[in-house]
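Here are some notes for a colleague who is opening this structure for the first time. Please keep the model in view while reading the points.

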Amino acid sequence: MANHLTKIWDADPDAAPKERSTYADDVVGRFRSGRLVKMGGKDVPESLNEWRVTTGDPVVADRIAELMGGASEEWETDKEDNLQILTDASTVTIIIEPDGVDASFKQFVPGAGMTHHCDGFEYLSPDEDKGRPCGCPSLVAERKLAADKMRGPKPSVDVKFRVADAPELGIFRFNSGSWKLVEALAPLFRSLDEYGNASDGDVKGTPVRATLTIENVTFTPQKGPRAGQEVSYNKPVIKVLGAAEIAEPADLAKAA
């Protein structure tokens with residue numbers, strides 16, 4: 001047997017099929033804890049008990065479905081991640097990339113993009129404003145109220161990671177505006193620092209193994225307008241397990 005067609009790409013190299021990387025360093029998908037559903041002709045946010053994963057790569061979609069349950073299907077979006085998997089898993093073991101957790105406050109305005117980016121006290125961007133006081137309230141309750149009224153930024157916690165059972169797929173993102181996750185940031189960053197996740201000068205940080213969970217919380221408040229009523233909500237929880245051992249690209253290619 002012989003492939004007599006190999007030369008057809010010599011005259012048109014741009015049309016030649018590209019090999020898919022088995023150890024992609026690009027973001028290949030997103031983990032989401034909610035979605036929008038139509039109710040009364042309007043898009044209403046729905047909180048999910050299991051992870052929803054979106055991607056534009058059918059290979060990634062099929063592998064996630066294989067690992068976490070569910071099935072790949074198309075969904076309506078103007079972004080590239082036009083495939084979604086409503087998985088059966090509320091917990092996934094992940095490998096957090098070096099410097100893989102970024103937390104700040106951001107405000108987005110339709111048509112204008114991001115109009116506010118700060119650490120709660122000083123602007124982080126744009127460069128001409130970086131380091132200047134951002135004017136955000138000092139009290140957390142006031143920050144929440146301003147954000148709810150769209151008069152101030154909301155939390156933005158961005159996590160970049162690989163799925164531990166299939167690191168060769170590439171990098172996934174999870175972004176959350178949960179105040180509950182903000183409350184857990186201090187212990188989370190202490191755990192990440194314990195295993196050297198942060199880079200230091202020319203020394204790159206260490207990947208960290210962790211679990212990413214949608215955790216349901218149910219309680220009955222004793223005071224306030226909902227006193228005596230059962231209240232239930234979901235929150236994202238990240239639990240660091242330790243430093244991660246990452247295979248070399250060649251090893252991952254063999255595993256794939």
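1. How many cavities of 30 Å³ or more does the structure hold? It holds one. A cavity is a set of points, on a 1 Å grid over the protein atoms alone, where a 1.4 Å probe fits but cannot get out. Its volume is about 50 Å³, a volume being the space filled by probe spheres set on the points, which are joined across faces, edges and corners.

2. This is a predicted model, in which local features need pLDDT of at least 70 and side-chain atom pairs count only at pLDDT 80 or more, while totals for chains, interfaces and linings use all residues. Residues are numbered from 1 along each chain as its sequence is written, and side-chain values use heavy atoms, with hydrogens and water left out.

3. The largest cavity is lined (an atom within 4 Å of a point) by Phe105, Cys136, Pro137, Arg143, Ala146, Ala147, Gly152 and Pro153. H2 gives the largest share, three residues. Helices (H or I, at least four residues) and strands (E, at least two) are DSSP runs, numbered from the N terminus.

4. The largest pocket encloses about 2,000 Å³ of space; a pocket is an open set with protein on both sides within 12 Å along at least five of seven lines. Of its 48 lining residues, Arg30, Arg32, Gly34, Leu36 and Asn175 are the closest to the centre. Strand E1 supplies the largest share of the lining, eleven residues. Other contributors of at least two residues include helix H2 (140-148) and strand E11 (231-243).

5. The largest nonpolar core (buried Ala, Val, Leu, Ile, Met, Phe, Trp, Tyr and Cys residues joined through side-chain atoms within 4.5 Å) has 34 residues, and Phe31, Ile64 and Phe172 have the most contacts inside it. Helix H1 (residues 58-68) provides the largest share of this core, five residues. A separate core of six residues includes Phe105, Cys118, Tyr123 and Cys136.

6. Gln84 sits in strand E4 (residues 83-86). Why does Gln84 count as buried? Its relative accessible area is 7%, and buried means under 20%, with exposed over 50% and partly exposed in between (1.4 Å probe, protein chains only). The side chains of Gln84 and Arg52 are joined by a polar contact of 2.7 Å. Such a contact is a pair of N or O atoms within 3.5 Å; within protein, one must be able to donate a hydrogen and the other to accept it, and residues adjacent in sequence count only if both atoms are side-chain atoms.
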